[in-house]
Amino acid sequence: MISAKICDLYDLEQTIASDLFHGLTYPWEALPKIHDFIVALGNTLPAERFEKRGDDIWVARSAVVAPTACLNGPLIVDEEAEIRHCAFIRGNAIVGKGAVVGNSTELKNVVLFNKVQVPHYNYVGDSILGYRSHMGAGSITSNVKSDKTLVTVKGEGIHLETGLKKMGAMLGDFVEIGCNSVLNPGTVIGRNSNIYPTSMVRGVIPSDSIYKKRTEIAQKH
């Protein structure tokens, strides 16, 4: 199925940020709202479960954060998440329960649902990654077009103006991204889909598919 809608991409029970998406149709509509949402939610989090570290940074007491990681707010790190050596979180980030942010990975204006893994040398900016999605080593989201024009989401029967200059990728639940792949601005990948290593991806990729190259996308059986 080809869809770019929140209801077809995500299980909203699998994120502390579920209220962020209420009333929205497409996930990128949430991107400009992440900053204020984190600040509002963070101030309601129970002190017995979350520690406030500096301005607008809330880290679950059960989370593991390497001393070499750089954390900038607004930021929420949910329970049992792991922030590894030299991870760089630039702010406006929600890291879900049990998620992994790995060595030298950079996050900016993102929502990582529960159990997401971005474990090795990843850049994830202006993006939303669904439950148990995984980005292989070196894979990145490209969030600005080379001509600096506004991002458009395109697919079979889909042509949507986002109104955003910066938008990376929307990954549905259980998406697997192969190593050293680049997800171009406005990429949407449906649930349960796999992207081959070293791929260059753009547009809307159907759910339950295997992306081998732009002209070869196979349905899973």
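Here is a short chat about salt bridges, buried residues, unusual backbone angles and empty spaces in this structure.

Visitor: What kind of model is this?

Guide: A predicted one, where local features need pLDDT of at least 70, side-chain atom pairs count only at pLDDT 80 or more, and totals for chains, interfaces and linings use all residues. Residues are numbered from 1 along each chain as its sequence is written, and side-chain values use heavy atoms, with hydrogens and water left out.

Visitor: Why is the pair of Lys108 and Asp126 called a salt bridge?

Guide: The term asks for a side-chain nitrogen of Lys or Arg within 4 Å of a carboxyl oxygen of Asp or Glu. Here the closest N and O atoms are 2.6 Å apart, and the pair counts as a salt bridge. Lys108 sits in strand β10 (residues 106–112) and Asp126 in strand β12 (residues 123–129), so the bridge ties together parts that are 18 residues apart in sequence. Strands here are DSSP runs of E with at least two residues, helices are runs of H or I with at least four, and both are numbered from the N terminus.

Visitor: How do you know whether Lys108 is buried or exposed?

Guide: Relative accessible area decides: buried means under 20%, exposed over 50%, and partly exposed in between, using a 1.4 Å probe and protein chains only. Lys108 comes out at 15%, so it counts as buried. Asp126 is buried too, with a value of 4%.

Visitor: How many salt bridges are there by this rule?

Guide: The count comes to eight. One of them joins Glu79 to Arg49, with the closest N and O atoms 3.1 Å apart. That pair links distant parts of the chain, 30 residues apart: Glu79 is in the loop between β5 (75–77) and β6 (82–83), and Arg49 is in the loop between α2 (34–42) and β1 (50–52). Arg49 has a relative accessible area of 36%, which makes it partly exposed.

Visitor: What makes Lys97 and Asp78 a salt bridge?

Guide: Their side chains meet at 3.2 Å, N to O. Lys97 lies in the loop between β8 (93–95) and β9 (100–103) and Asp78 in the loop between β5 and β6, so parts 19 residues apart in sequence are tied together. The partners differ in burial class: Lys97 is partly exposed at 33%, while Asp78 counts as buried at 0%.

Visitor: What makes the link between Asn143 and Asp126 a polar contact?

Guide: A polar contact is a pair of N or O atoms within 3.5 Å; within protein, one must be able to donate a hydrogen and the other to accept it, and residues adjacent in sequence count only if both atoms are side-chain atoms. The side chains of Asn143 and Asp126 are joined by one of 2.7 Å. Asn143 is in the loop between β14 (140–141) and β15 (152–155), and at 11% relative accessibility it counts as buried.

Visitor: How do you know that Ser181 is buried?

Guide: Its relative accessibility is 0%, so it counts as buried. Ser181 lies in the loop between β18 (176–177) and β19 (182–183). A polar atom of its side chain is 3.0 Å from the backbone oxygen of Gly178 and 3.1 Å from that of Tyr196.

Visitor: What makes the backbone at Tyr121 and Asp126 stand out?

Guide: Most residues other than glycine have a negative phi, and most peptide bonds are trans. Tyr121 has a positive phi, near 55 degrees, and Asp126 has one near 50 degrees. Tyr121 counts as exposed at 51% relative accessibility. The peptide bond from Gly73 to Pro74 is cis, with omega near -5 degrees.

Visitor: Why is one empty space called a cavity and another a pocket?

Guide: On a 1 Å grid over the protein atoms alone, a cavity is a set of points where a 1.4 Å probe fits but cannot get out, while a pocket is an open set with protein on both sides within 12 Å along at least five of seven lines; lining residues have an atom within 4 Å of a point. Points are joined across faces, edges and corners, and a volume is the space filled by probe spheres set on the points. The largest pocket has a volume of about 310 Å³. Of its 16 lining residues, the closest to the centre are Thr152, Lys154, Pro185, Arg202 and Gly203. The largest cavity has a volume of about 30 Å³, and Met1, Ser3, Asp8, Leu9, Gly190, Arg191 and Ser207 line it.
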